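Student: I have a structure to go through. Can we take it step by step, with short answers?

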Amino acid sequence: MLLSVIIPVYNSERTIFPLVECLTYELAAYSFEIVLVNDGSRDASEEICETLAQTFPQVQFISLRKNFGEFQAVMCGLNHARGEYCVIIDDDFQNPPQEIIKLLREAQQGHYDVVYSQYEKKNHVLFRNMGSWLVNRLTTWLLRKPSDLYLSSFKLIRQEVVQEIIQYNGPYPYLDGLIFRTTRNIGRVIVQHHKRQEGDSNYTFQRLISLFLTIFFGYSVQPLRLLTTLGVFMIALSMVAGLAETVGSLLTLHWPAKDHLLWVTICLIGGIQLFGMGLLGEYVGRLFMMQSGLPQYVVKSEHFNYDRKPGRVRKYVPSGA
């Protein structure tokens with residue numbers, strides 16, 4: 001199988017059926033499958049996806065017991081994908097299905113492990129564009145990614161890389177962070193970006209904060225290094241200030257006035273301590289949640305149009321091997 005198209009589904013009862021129909025038409029010349037992962041939708045998405053799995057032999061369907069999040073749903077899809085290349089696409093038609101061919105050709109011609117889509121013009125709302133800009137700056141610092149690479153959700157990943165990504169079974173997956181842990185052989189290709197056809201974006205302020213925390217504390221030790229640097233700077237600053245006060249008192253033969261600086265010093269040191277404790281607490285808290293067995297996702301039901309033994313561990317074998 002050449003392609004696995006993974007679609008995290010959430011409240012998309014109006015778009016998921018035409019999207020699957022469009023995909024089966026556009027990819028008819030290729031060997032492909034479509035992996036639908038219902039992420040606890042509150043509408044009729046689950047029933048529609050079940051109908052699609054019964055109607056189209058290329059469609060595989062997994063339903064999760066609750067809304068775990070987009071990255072968790074994508075990880076579930078990657079764990080069940082069988083294609084040599086895995087494409088992740090949203091369920092809102094903002095990424096035209098025919099653009100998948102561009103990503104595939106770029107990966108094959110450039111021998112890339114991952115190909116990200118790039119947009120000449122993005123048709124997101126202002127809040128989402130601002131959030132994407134902030135995430136791009138944060139990941140450039142923490143993940144050491146190229147500053148001109150946009151981490152879009154519409155991307156293609158080679159199966160060998162997928163096999164490394166799905167080794168992560170913690171509760172806080174961040175797909176782009178896992179990609180940059182695995183490979184730097186990354187390409188990009190310009191694609192179209194359409195306006196959302198139905199409903200409102202699920203990209204909320206709460207989701208943006210959650211994403212920031214996941215990136216900040218889950219995929220880099222840079223915050224701890226920043227705290228260490230700040231501590232060293234404060235020690236050096238205090239030594240210089242103490243030396244200056246000593247020299248000044250010797251030259252003027254007067255004791256330095258300290259009372260008016262006392263409360264500033266206490267607040268500054270207390271703030272640094274609380275900030276450091278908060279950083280360490282976030283890391284320890286996430287380690288605790290991982291060690292407590294918090295699941296990445298929980299499957300409610302499955303519908304596969306191929307023979308699959310329950311509990312069997314899938315091992316990828318490259319074509320021609």
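Student: How many residues of strand E5 (residues 114–119) are buried?

Tutor: Keep in mind that this is a predicted model. Buried means under 20% relative accessible area. Strand E5 is mostly covered, and its buried count is 6 of 6 residues.

Student: Which residues point each way from E5?

Tutor: The strand has two faces to list, and the residues on both are buried. One way point Val114, Tyr116 and Gln118. The other way point Val115, Ser117 and Tyr119.

Student: Does E5 run parallel or antiparallel to strand E6 (residues 155–158)?

Tutor: E5 and E6 are joined by 3 bridges. Val115 stands opposite Leu156 in E6. The two strands run antiparallel.

Student: In E7, what is the bridge partner of Ser117?

Tutor: Strand E7 covers residues 186–191 and runs parallel to E5. The two strands are joined by 6 bridges. In E7, Ser117 has as its bridge partner Val189.

Student: Now the helices. Why is H1 roughly parallel or roughly antiparallel to H2?

Tutor: Helix H1 (residues 16–26) and helix H2 (residues 45–55) have axes 10 Å apart and pack at an angle of about 25 degrees. Angles under 35 degrees count as roughly parallel. Therefore H1 is, relative to H2, roughly parallel.

Student: How many residues of the contact of H1 with H2 are nonpolar?

Tutor: From H1 come Ile16, Phe17 and Val20, and they meet Ile48, Cys49 and Leu52 in H2. The contact has no polar and no charged residues. The nonpolar count is 6.

How values were computed. Residues numbered from 1 in each chain as written. Predicted model: local features only at pLDDT ≥ 70, side-chain atom pairs only at ≥ 80, totals over all residues. Heavy atoms only, no water. Axes fitted to C-alpha atoms, helices over the stretch in contact; angles between N-to-C directions. Helix = DSSP H or I, 4+ residues; strand = E, 2+ residues; numbered from the N terminus. Parallel < 35°, antiparallel > 145°, perpendicular 65-115°, else oblique. Contact = heavy atoms within 4.5 Å. Nonpolar A, V, L, I, M, F, W, Y, C, P; charged D, E, K, R; others polar. Buried < 20%, exposed > 50% of the residue type's maximum accessible area, 1.4 Å probe, protein only. Pairing = 2+ DSSP bridges.
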